[in-house]
Structures are given as C-alpha cells and as structure tokens.
Amino acid sequence: MTAPNKPLDGIRVIELANYVAAPIVGRICADMGAEVVKIEGRGGDAWRATSMGHTKTGHDENPLFDIFNVGKKSISLNMKTDDGKELLFKLLEDADVLITNTRNQSLVKLGLDYESLKDRYPRLIYATLTGYGYEGPDCNAPGFDNIAFWSRPGFSADMSIDAPGSYPVNSRYAMGDTIAGTTLFGGVMTALYQRERTGRGDFVTMSLYNAGIWAFGGSIVMAEKPYCHGFPEKRNFGVPTNLPFRCSDGEWIRCTFFEFERYAERFFGALGMTDILKELGIVTMADSMAAAETLVPLFEKAFAGKTSDEWLQIFRDLDIVCGRLNHFADVLEDEQAWANTYIQKYQCQNGQERILPTCPVRLGSQGAFALGKPVMYGENNDDILASLNYTPEQINMLKENGTIG
C-alpha cells in the first residue's frame, strides 16, 4: 500500500534561525513533508553546543538539538559575503516560506528584512519570531523564553511561594519557545492558505512576550481591576477538592470536578468524610471554598492514608477525574503516550537509540508523522548547491573563499 502524500510535500522552507523557538516551525514543517533548508552560520546553530551541555554528549548524539531539527537539511553559509547573500537569494527564488529569528536591525543591514524582499519574492511567506515584537522601547532587545515568556508576563514572580528558603521555580527547557514556535507555525499555515486564494505571500510574526501574555492570559485578566486577584494562591485557597494532595507513598495526586452536586458525595465518601458535608452545611462548590481552611487539613490527613495507586483506582471507579503528578521520566514509560505515538524512538548520528516527542498535530489521513533524521552542521552543502546548478568547481571556490563553512 502506497503511503499518502504528506500535506506539505512540495513546500520549500528556508530557515534562517537558531536556538529553539523559530526552528520549531521548521521541525513541524519537515515532519509534514516540507523540504526545510536550515542555514547555519560559522560554527553552526549556537544551540548545537548549548544543548550538548545538558546531556554531556557530542555532536553525534544531541537529542536536545534534534528535538527541534530532525528532518531538515543543513547548509553552512556565511551571509556576510556577497557570494553568501547571492546564494541565499537563489534559495529564496523557489522558496515558499522564510523563517527567521534574526533581529530586525541585522536583517536590514543584510538587506534581508521583509520590506527589502517582499517585492522581489511576492509569493514568499516571511515569518519572524522576536523577543518582544516590532513596536515599543524593547522592539530591538534580544530575548530568551526564560525572560520574555516566563518572567515579563508575570508567571515567575507571581507563582513563587514567599517563604524562608523558597525561590522562583526555574523555567523549564524551552517551554515558552515551544508555545511561541507552534503558534507561529499555525500563522504560517494560515498565510499559505491565504496565498492559495490571493496568489500573494505575507508577513507573519510572533514574539515570546506575546506568547507569554497569551498563555497566562487568564491570570493576567484576574489581576486587572476591579478583580485584583492575589498571587500566588495560598494552599487553602480556591476549590479544596481540586487541590493536589500527597499520598502515603510520597507521590501527589489531584482530582478535578466542577459539578459539585454530582460528584461531592462520591469524593467525600471515598475519603470517609461524608458526615463532614452535613456538619459544615456544605451544599455547593462555593460552600466548599468558604470552608477550605477547615477542609484542606482534613483532606491531607485522609490522602496520606493510602498510596497514589490506591487512590487512583478508587477515583477511577467513581468516575472522578484524577491523576498523579507524574515526573518527566514517567512519560518515557507511559503506555498512553506510546499508544498514541506521542513519543517515538529514533537513531542519533552515532547509532544510539533515543526518544523524542512527536509533532503534536494529527491528520486523519496521515496518523502520527514519523520523525525525520538528525542533521549535522553543513551536511547537505554539496547537494543543496548542486540543486541550484552550481558546478563542482564553483562549489570548491565557495568553500575556499569562506562562503561555505
């Protein structure tokens, strides 16, 4: 049986980007069948070396780089030379999408900003990922997700527990980048669809700061006047039945329900606390919230009497939504993740088998998109140049004059 054509077969993407957020767009496009040419300056994408520091491996086993770059082609290109810029212009002649996170003032100097290219390539989708957007006092400021996504929108400070020995939780590896890049991918697809109707390309942009405001929008709205909701929320604030509780095995679980009249008796009964409902006159969710200071310590004591597995089975039988506060390592052995191909095995350049997350988008005609192969710095130089009709002699000359690394 012939495999179906992938949805982006025939689409060419040029990725002039480094680190994480913008390359995520290229990763998803590659998974969906696009030809993605990653342009890397001298020494390669800086994330190659940075990511290796987290796994203490070499270039040939670099899963924290591969997670955002499998399936691409790599060309090592010095665009500060005339030959280098000319080569990029040739790549753009047949390109559908250009992705970049290069700061705009640098793009202007190189003549690679949108205004400089839009008339020369009228069908090109020009996609950028910035730290803070194109307007305002910080429009040219550099940005990483730990600052622009986590800190500036308020999460890092307002989610910190203010107690002796406490400190802000460290933002985890590229989560803000992932949200920003995946959102930008959606914008690129929208622009491609629009081009099918109009015949013209467009400018698509996303910033890490914008992604943070969007992701934490509910909390930002709660903080505005007249609501002025305080953060961080105290342990006994909110809906006490929906809080996490530690079990006898040291693990935490959390139940969640909002139809109080439907589930409350089941929940309190499982904890052996049916009489508490009557004693405190708790009839509605609002009643339970008002009694949170009394209920939370009682719940803590009850949950400590059984293991997390025991509680999970109890609440599963009662049809109450419940889950363990898992550890990252648990995902690697989670039957649910494997059954849905949310994670896949792949081979590093050195032949070692490792695990990466799968592209989160599913199409009924496709199923889960297979992981592409990892790519080394400049691995596809000769093939890409040959596809642009450079002769072997011209390719050697570009290598000798430093245009190609």
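**A walk through the pockets and salt bridges**

The lining of the second largest pocket is made up of 22 nonpolar, four polar and four charged residues. The model is a predicted one. About 1,100 Å³ of space lies in this pocket. In total, 30 residues line the second largest pocket. Leu64, Ile67, Tyr173, Leu356 and Pro357 are the lining residues that lie nearest its centre. Several elements each supply at least two residues of the lining: the helices α1 (21–31), α3 (63–66), α9 (175–198) and α17 (328–331), together with strand β11.

Now step back to the whole chain. The protein chain has 405 residues, and 41% of them count as buried. Its secondary structure comes to 20 helices and eleven strands. The C-alpha trace spans about 90 × 50 × 45 Å along its principal axes.

Return to strand β11, which covers residues 353–357. This strand supplies at least two residues of the lining of the second largest pocket. Ile355 is found in β11 as well. Together with Leu332 and Trp338, Ile355 forms a nonpolar patch on the surface. The three residues have about 230 Å² of accessible area together. Why does Ile355 count as partly exposed? Its relative accessibility is 31%, and partly exposed covers the range between under 20% for buried and over 50% for exposed.

Next, the enclosed space. Rolling a probe the size of a water molecule over the atoms shows where empty space is left. How many cavities of 30 Å³ or more does a search of the whole structure find? The search finds one. The largest cavity has a volume of about 40 Å³. Its lining includes Arg48, His59, Asp60, Glu61 and Asn62. Phe65, Asp66, Cys348, Gln349, Pro374, Val375 and Met376 also line the largest cavity. By class, this lining divides into five nonpolar, three polar and four charged residues.

Arg48, one of the residues that line the cavity, also takes part in a salt bridge. Its side chain meets that of Glu40 at 2.8 Å, N to O. Are Arg48 and Glu40 buried or exposed? Arg48 is buried, and Glu40 is buried too.

The structure holds 16 salt bridges. One of them joins the side chains of Lys73 and Glu35, at 2.9 Å, N to O. Lys73 lies in strand β3 (residues 73–76) and Glu35 in strand β2 (residues 35–40), so the pair ties together parts that are 38 residues apart in sequence. Lys73 is partly exposed, with a relative accessible area of 33%. Glu35 counts as partly exposed at 25% relative accessibility.

Another salt bridge is formed by the side chains of Asp96 and Arg195, at 2.8 Å, N to O. This pair links distant parts of the chain, 99 residues apart. Asp96 sits in the loop between α4 (82–93) and β4 (97–100). Arg195 is in helix α9, one of the elements that help line the second largest pocket. Asp96 and Arg195 are both buried.

Salt bridges also form a network. Glu15, Lys38, Asp45 and Lys72 are linked in it.

One last stop is helix α8 (residues 155–158), where Phe155 is found. Phe155 is partly exposed, with a relative accessible area of 25%. How far apart are Phe155 and Ser219 in sequence and in space? They are 64 residues apart in sequence and 8.8 Å apart in space, C-alpha to C-alpha.

Conventions
Residues are numbered from 1 along each chain as its sequence is written. This is a predicted model: local features need pLDDT of at least 70, side-chain atom pairs count only at pLDDT 80 or more; totals for chains, interfaces and linings use all residues. Side-chain values use heavy atoms; hydrogens and water are left out. Patches are made of residues with over 30% relative accessible area and no salt bridge: like charges are joined within 9 Å, nonpolar side chains (Val, Leu, Ile, Met, Phe, Trp, Tyr) within 5 Å. Accessible areas come from the Shrake-Rupley method with a 1.4 Å probe; for residues, only the protein chains shown count as cover. A salt bridge is a side-chain nitrogen of Lys or Arg within 4 Å of a carboxyl oxygen of Asp or Glu. Helices (H or I, at least four residues) and strands (E, at least two) are DSSP runs, numbered from the N terminus. Buried means under 20% relative accessible area, exposed over 50%, partly exposed in between (1.4 Å probe, protein chains only). On a 1 Å grid over the protein atoms alone, a cavity is a set of points where a 1.4 Å probe fits but cannot get out, and a pocket is an open set with protein on both sides within 12 Å along at least five of seven lines; lining residues have an atom within 4 Å of a point. Grid points are joined across faces, edges and corners, and a volume is the space filled by probe spheres set on the points. Ala, Val, Leu, Ile, Met, Phe, Trp, Tyr, Cys and Pro count as nonpolar, Asp, Glu, Lys and Arg as charged, and the others, Gly among them, as polar.
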